[in-house]
Amino acid sequence: MSIIRQWLSHCDSQHACGVSLANQLPTRLIDVGSGVDSTVRLYEPMSSDSLNYVALSHLWGRPPCFYTFVDNVDHYRSNIPFETLPKTYQHAIWVTRELHIRYLWIDSICVIQGPQGDFSAEKNRTEDILSQAYCVIAASSASGQNDGFLQTRQKFESIRLKPPSNEAVICVTKFIDDFDRYVLQSPLHRNARSLEERAFARRTIYFTSAQTFWECGSGVRCETMTKMYK
Amino acid sequence: MLAFRDLYRYYSRLEHSSPEGRPIEIARLEKRLVHSFCVRGGYGIVDDAGNPGLLRRSLLWCRGSDEPSLQRISFQLEGLGHWAGKAPPPPSWSWMAYQGGIDYLDLSFDPIEWAYRDIESPWSGAAMGAWDVIGDSAAGRTELKVVVRSIKPGGWKETHSQVIYDIPAEARKFGRGLKCVILGRQRSRGFVQTRTYCVLLVIPLGSHFGHRRNGELCYERVGAGYLCSDLIELEELGVLASIF
């Protein structure tokens, strides 16, 4: 996560990708609190609020899925029990806290689902919600809400080369900076809905089975320190 | 055009939760691009009043080389829930009416002379940035006004071998009903015996030849490709019609 924080910090200071504090906020956000054991709840921003939030791009997967409905939204305004959340959402909350951001937008929770919900009104705002997010988290390796995206990664064999002097050890491993293979061919990005989410986001962090990728207006960065330019 | 082409080629190979989602799950992005590039368009087709080649290149999509066949999508508008509107589903000249990956005709050979009179843009007269999509009850018309031309008798076999049918299994049923619409031709300097034409292939809509709707001859698209001038009845004026 420290590498991700550095990517964000570098982008904030060096690029024009970041947004100023969003002024037309989503109708609802998830308040993840500020600590590991903080209460998670729904928060409805006021018109005077000016804050940052992270948005989650993910596959809902097969039912049962975790939703907000008309009959549980009041309860979620005071508390969304963390242990009842599916693994992908728990991981998203953890990442948001690690990024030192207080708020998270997840469509199935922040938009009231069902016939009496506000999906019709909110669907037209999705483009703005994504483009005004501080950044988007893409759960690329997850096929659904229950998979999570912070699981143990694929293992790759490597060779460690230690120079005779006191310079740092060099690790040589298989090429894993294949954005197409690990991001574009991932379950999330083979799904057509994710294309718009990727297009509208100003900055995206992709959590894949091999490594984490960063994408912003100036190109792609990898945990392996490779940079790729568009 | 390259940006749109690459985007649509990529998008056409993605998976949808349901086939009817194909025109919808790119709708917002398409709208944004149409506005940003100051063009007009919809249904995966792009038009620029000042650049006739854009519409014609855009219409010359074809079944992907990795696809044995496209599949026509049956749009049950009621099932689309919030996205449903009173607007009609994508027309046959749009790749959004089908499942399967698409490519575009490779028009990188000699410069092309575009046919100005054989096709009229669905957005002619519309403002820059005009955009249509399924579910948009303000959507404009979905028919493409064209000049339909016959294929010369005896030219069927060669035609079948030169064009790319959207659904190849249906091609053997076309017979004399198969017509073409010229979108452009290979430019040449001086006199040449034959030229290569870029065409859409169409058949009459419905089960009867010359099916009419509101007095218009109606056709549906069945493929695209190149035809040699020897195969097209170029001496005739052609017939005004609409592709739905």
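## Exercises on helix α8 of chain A and its partner in chain B

In this predicted model, helix α8 (residues 193-200) of chain A packs with helix α2 (residues 27-36) of chain B at an angle of about 40°, their axes lying 8 Å apart.

**Exercise 1.** Classify how α8(A) and α2(B) are oriented to each other.

*Solution.* Start from the angle of about 40°. Angles under 35 degrees count as roughly parallel, and 65 to 115 as roughly perpendicular. The two helices, α8(A) and α2(B), are therefore oblique to each other.

**Exercise 2.** Find which residues of α8(A) and α2(B) meet, and sort them by character.

*Solution.* On the side of α8(A), the residues are Leu195(A), Glu196(A), Ala199(A) and Phe200(A). They meet Ala27(B), Arg28(B), Leu29(B) and Arg32(B) of α2(B). Sorted by character, the residues of this contact are five nonpolar, three charged and no polar. Next, look at a charged pair: Arg28(B) and Glu196(A) form a salt bridge, with the closest N and O atoms 3.0 Å apart.

**Exercise 3.** List the buried residues of α8(A) and name elements that cover them.

*Solution.* Ser194(A), Leu195(A), Glu196(A), Glu197(A) and Phe200(A) are the buried residues. From chain A, the cover includes β3 (53-57) and α6 (126-131). From chain B, α1 (2-11) and α2 are included.

**Exercise 4.** Describe the interface between chain B and chain A by contacts, area and salt bridges.

*Solution.* First, 16 residues of chain A are in contact with 14 residues of chain B. Second, the buried area is about 1600 Å², with 55% given by carbon and sulfur atoms. Third, three salt bridges are counted between the two chains.

Note on methods: Residues numbered from 1 in each chain as written. Chains lettered and ligands numbered in written order. Predicted model: local features only at pLDDT ≥ 70, side-chain atom pairs only at ≥ 80, totals over all residues. Heavy atoms only, no water. Axes fitted to C-alpha atoms, helices over the stretch in contact; angles between N-to-C directions. Helix = DSSP H or I, 4+ residues; strand = E, 2+ residues; numbered from the N terminus. Parallel < 35°, antiparallel > 145°, perpendicular 65-115°, else oblique. Contact = heavy atoms within 4.5 Å. Nonpolar A, V, L, I, M, F, W, Y, C, P; charged D, E, K, R; others polar. Buried < 20%, exposed > 50% of the residue type's maximum accessible area, 1.4 Å probe, protein only. Buried area = accessible area lost by both parts, 1.4 Å probe. Salt bridge = Lys/Arg side-chain N within 4 Å of Asp/Glu carboxyl O.
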